[in-house]
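Reader: I am new to this, so please keep the answers short. Let me look at the picture and then ask.

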Amino acid sequence: MLTVHHLGISQSDRIVWLCEELGLPYELVRYERDPVTRLAPAEYKALHPSGTAPVIADGDLVLAESGAIIDYVVARHGEGRLTIRPDDPAFARFLYWYHFANGSLMPAMMMAMAEGPAAQSMRARVGRGLAALDAHFAEGHSWLAGNAFTIADIMIAFPLTTMRLFVPVDLAPYPHILAYLQRIGGRAAFRRAMTKGDPDLELKLT
């Protein structure tokens, strides 16, 4: 059985949500951040050389990095569900948005919180990325791959929701993203995952 080592208010909520969407049996081990420093406790950092969340264990395997974990779980335990076949017309779009969250949006959001010209450039990059995302949904797509919910949606939700608790981003100019967040919030698996992983966290869906 999979063990999901969940650090509160972190990217590991993606993995809890993925397991819930796939209906997989898993053991959830929760860890709380230090109330002063907001850092992960020492026992969490010791799970993997990266010292970061998320981390899973599957037998003797211990794996970090949310994208790698999602790919692993879907391939090994999910029978390829929540993905798009290479011959699907939406395949390239699916790949782009799947990698957009950690490859572009999250780094730009973090760097935008600094000071100086580089931060200003990153704020502009965040704005362009959110505008492109909003335009995607304005075209009538319910999800990132079109009408099919996929792991791309699981990846993008964190920077649009939980991450905004400590990296404030105003989504008011992007009504189609806000409507998308309501669709995410309406998924039973998402609600179960957040209740199990962060029961005291107020969901940031607006």
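Author: One term first. A pocket is an open set of points on a 1 Å grid over the protein atoms alone, where a 1.4 Å probe fits, with protein on both sides within 12 Å along at least five of seven lines; its lining residues have an atom within 4 Å of a point. Also, this is a predicted model, where local features need pLDDT of at least 70, side-chain atom pairs need 80 or more, and totals for chains, interfaces and linings use all residues. Numbering starts from 1 along each chain as its sequence is written, and side-chain values use heavy atoms, without hydrogens or water.

Reader: Which residues lie nearest the centre of the largest pocket?

Author: Start with the whole lining, which has 19 residues. Five of them lie nearest the centre of the pocket. They are Gln11, Arg33, Thr52, Ala53 and Met106.

Reader: Which helix gives the most to that lining?

Author: Helices here are DSSP runs (H or I, at least four residues), strands are E runs of at least two, and both are numbered from the N terminus. The helix with the most lining residues gives four of them. It spans residues 91-111 and is helix 4.

Reader: Phe100 is in helix 4. Is Phe100 buried or exposed?

Author: Use the cut-offs: buried is under 20% relative accessible area, exposed is over 50%, and partly exposed is in between (1.4 Å probe, protein chains only). Phe100 has a relative accessible area of 6%. So Phe100 is buried.

Reader: How far apart in space are Phe100 and Leu133?

Author: Along the sequence, 33 residues separate Phe100 and Leu133. In space, go from C-alpha to C-alpha. That distance is 9.9 Å.

Reader: How does Ile184 compare: how far is its C-alpha from that of Ala114?

Author: Ile184 sits in helix 7 (residues 175-185). At 0% relative accessibility, Ile184 counts as buried. Ala114 is 70 residues from Ile184 along the chain. Their C-alpha atoms are separated by 30 Å.

Reader: How many aromatic pairs does the structure hold?

Author: Rings of Phe, Tyr and Trp (its six-membered ring) pair if their centres lie within 6.5 Å. Planes under 30 degrees apart are stacked, over 60 edge-to-face, and the rest tilted. On that count, the number of aromatic pairs is eleven.

Reader: What kind of pair do Trp17 and Phe190 form?

Author: The ring centres of Trp17 and Phe190 are 4.9 Å apart. Their planes make an angle of 70°. The pair is edge-to-face.

Reader: Which parts does that pair tie together?

Author: Both Trp17 and Phe190 are buried. The two residues are 173 apart in sequence, so the pair ties together distant stretches of the chain: Trp17 lies in helix 1 (residues 13-22) and Phe190 in helix 8 (residues 188-197). The parts are helix 1 and helix 8.

Reader: Which residues form one aromatic cluster with Trp17 and Phe190?

Author: Set Trp17 and Phe190 aside, and read off the rest of the cluster. The others are Phe137, Trp143, Phe149 and Tyr180.

Reader: How many residues of helix 1 are buried?

Author: Among the buried residues are Asp13, Arg14, Glu20 and Glu21, along with Ile15 and Leu22. Helix 1 is largely enclosed by the rest of the structure, because its buried residues number ten of the ten.

Reader: What flanks helix 1: which residue follows it?

Author: On one side, Ser12 lies in the loop between strand 1 (2-7) and helix 1. Ser12 counts as buried, at 0% relative accessibility. On the other side comes a residue with a positive phi, near 70°. That residue is Gly23.

Reader: Which two residues does a cis peptide bond join?

Author: Most residues other than glycine have a negative phi, and most peptide bonds are trans. In this cis bond, omega is about 5°. Its proline lies in the loop between helix 2 (42-45) and strand 3 (55-58). The bond joins Ala53 and Pro54.

Reader: What is the phi of Arg38?

Author: Arg38 lies in the loop between strand 2 (26-31) and helix 2. Arg38 is partly exposed, with a relative accessible area of 40%. Its phi is positive, though the residue is not glycine. The value is near 65°.

Reader: And what is the phi of Glu65?

Author: Glu65 lies in the loop between strand 4 (61-64) and helix 3 (66-76). Glu65 is not a glycine, yet its phi is positive. The value is about 75°.
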